[in-house]
Amino acid sequence: MRVFIRYELQEPTKLSILLFFSVLVSAAHKVFLLKQVGQVLSTYPLFPLPELFVDMARLNTPFYVLASLMASFIVGISARTERDLGVALSIYALPYSRRAILTAKFFSNFLLLVMYSLAIHILVFILHFSGTLEGALEALTAGIPSLIPFYAVVMCYIVSISSFITISSPNTYVAILASFLALYFPVLANIGWLVPTIGTDLNALKTPAFLSVIFFIAYILMGERRDVR
Amino acid sequence: MRLLKFFLLSILVAIFISLLFQVRFSTNDLSYHPISIGGNMKYGIVYSPSAASVKVSLSCSNKTQIFVRDIEENGTIYTGTVYGSDLVPLIFPHPGHYEFSLNSTEVHCSIIVKPIEVGFPAGNWNAHFILGSLIALSLAFLIWRNGHDS
């Protein structure tokens, strides 16, 4: 399984898509920091920078939309293209169970998206506030314990839904469009509990975490039963 | 190795995007929310997305002393007494939060901040260029070493 994860992490098409992802996501984060208009009234002195650091991901809807789009591409290429091209016959003939191969694909996509999102988030924040590096590092230390679980749950949610739709789709194009639609429609329809970015605390992530588990299990079951051609 | 190269390239691109947005940022893009402090709510915080030269219009219900604190640096950047209303020029030295406070709970003040000129501090530009150069050098080294091996 480790071999598969390593292979999937090095896949050049996915890495190229992640390069585009980093362009779009860094722009979304920078625009969020530049367009943010805030005023806070308080009875005591506050240090609001850690909250802004976390809000860059939590309240940034363009980030969620871009992550959904890119995840749809990455998962589509990872789990569906090989079936379209017929390469899957060779891959699934290897002495590994289908469950192991599908799980490796899921975890490599999840790891790549979490790693890139977290790195770009921290980089843009630190660079923006590098004029006051001490304050920025203090905010980073205070915000990172809630940011890591946030990204983990959001990316798990996005990847699990994309993976399930991809494995159920007839080809890569349908897989990409259908999974993006499934992830983006709640934003358009303003269904808050299905969009993990719009929330005020980590409790808002319980539903996406629960749905992630359900869709992951459904993805494995569907992938095991479906003909790889 | 390929993952590391692509990752470094992505980081380099993100630094470039951050620079690009900073270069294009102008006074027209910046606005501040008016704030109203007084009574128990004696601390009002504004967020400045860039360093800025601003004009602060203060209207208070009575004579009071007003303080402006740079929250990230934890230093006072302005202290003054306002007799009813006043117009104060200020410099926000970096992107971040600035706190307006009063020394009395009986006075109410309305504060309107208008930007005159915006920019980013030297430390911010330097961080972009230094980190960008380091990443570019690392990437060049990795590509060179890869070519050398094969």
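Select helices α7 and α8 (133-168) of chain A, which are among the elements that cover the buried residues of α10(A). The model on the screen is a predicted one, and the tour starts from this covered helix before moving outward.

**Helix α10 of chain A**

Now select residues 206-225 of chain A, the 20 residues of helix α10, whose end C-alpha atoms are 29 Å apart; at 1.5 Å a residue the helix should span 28 Å, so the two values agree. Colour A:Pro208, A:Ser212, A:Phe215, A:Phe216, A:Tyr219 and A:Gly223, which are the buried residues of α10(A). Turn the view until you look down the axis of α10(A): these buried residues fall within an arc of 115°, and they therefore line one face of the helix. An α-helix has 3.6 residues a turn, so residues three or four places apart point the same way. On the other side of α10(A), select A:Lys206, A:Phe210, A:Val213, A:Ile214, A:Ile217 and A:Arg225, which are exposed.

**A:Ile167, in a covering helix**

Go next to A:Ile167, which lies in helix α8 of chain A. Is A:Ile167 buried or exposed? With 23 other C-beta atoms within 10 Å, where 20 or more are required, A:Ile167 is buried. Leaving aside residues up to four places away in sequence, A:Ile167 touches A:Tyr219, A:Met222 and A:Gly223, as well as A:Ala79 and A:Arg226. Two of these contacts, A:Tyr219 and A:Gly223, bring you back to the buried residues of α10(A).

**The nonpolar cores**

From A:Ile167, draw a distance to A:Leu113, which is 54 residues away along the chain, and the two C-alpha atoms prove to be separated by 19 Å. A:Leu113 touches A:Ala67, A:Ala71, A:Met155 and A:Val159, again not counting residues up to four places away in sequence. Which residues touch the most other members of the largest nonpolar core? In this core of 73 residues they are A:Met70, A:Ala71, A:Ile74, A:Leu113, A:Ile158 and A:Val159. The element that gives the most to this core is α8(A), with 15 residues. Apart from this core lies another, of 21 residues, and B:Ile37, B:Val46, B:Cys60 and B:Ile111 are among them.

**Strands of chain B**

Following that second core into chain B, select strand β1 (residues 35-38) and strand β8 (residues 108-119), which run antiparallel and are joined by four bridges; B:Ile35 stands opposite B:Ile111 in β8(B). Add strand β3 (residues 51-60) of chain B, which is joined to β8(B) by 10 bridges and also runs antiparallel to it. Along this pairing, B:Ser57 has B:Ile112 as its bridge partner in β8(B), while B:Ala52 has B:Val118. Strand β6 (residues 85-92) of chain B is likewise antiparallel to β3(B), with eight bridges between them, and the bridge partner of B:Ala52 in β6(B) is B:Phe92.

**Where the chains meet**

Finally, display both chains and select their contact, which takes 40 residues from chain A and 40 residues from chain B. On the side of chain A, the elements that give two or more residues are α2 (12-35), β1 (39-42) and α7 (98-128), and α2(A) supplies the largest share, 12 residues. By class, this side of chain A has 26 nonpolar, 13 polar and one charged residues. End on β1(A), which four bridges join to strand β2 (residues 43-48) of chain B, the two running antiparallel; here A:Gln39 stands opposite B:Val46 in β2(B), and B:Val46 is also one of the residues of the 21-residue core.

Methods. Residues numbered from 1 in each chain as written. Chains lettered and ligands numbered in written order. Predicted model: local features only at pLDDT ≥ 70, side-chain atom pairs only at ≥ 80, totals over all residues. Contact = placed C-beta atoms within 7 Å. Nonpolar A, V, L, I, M, F, W, Y, C, P; charged D, E, K, R; others polar. Pairing = 2+ DSSP bridges. Expected span 1.5 Å × (residues − 1). Buried ≥ 20, exposed ≤ 12 C-beta atoms within 10 Å, placed from the backbone. Arc of directions from axis to C-beta. Core = buried A, V, L, I, M, F, W, Y, C linked by C-beta atoms within 7 Å.
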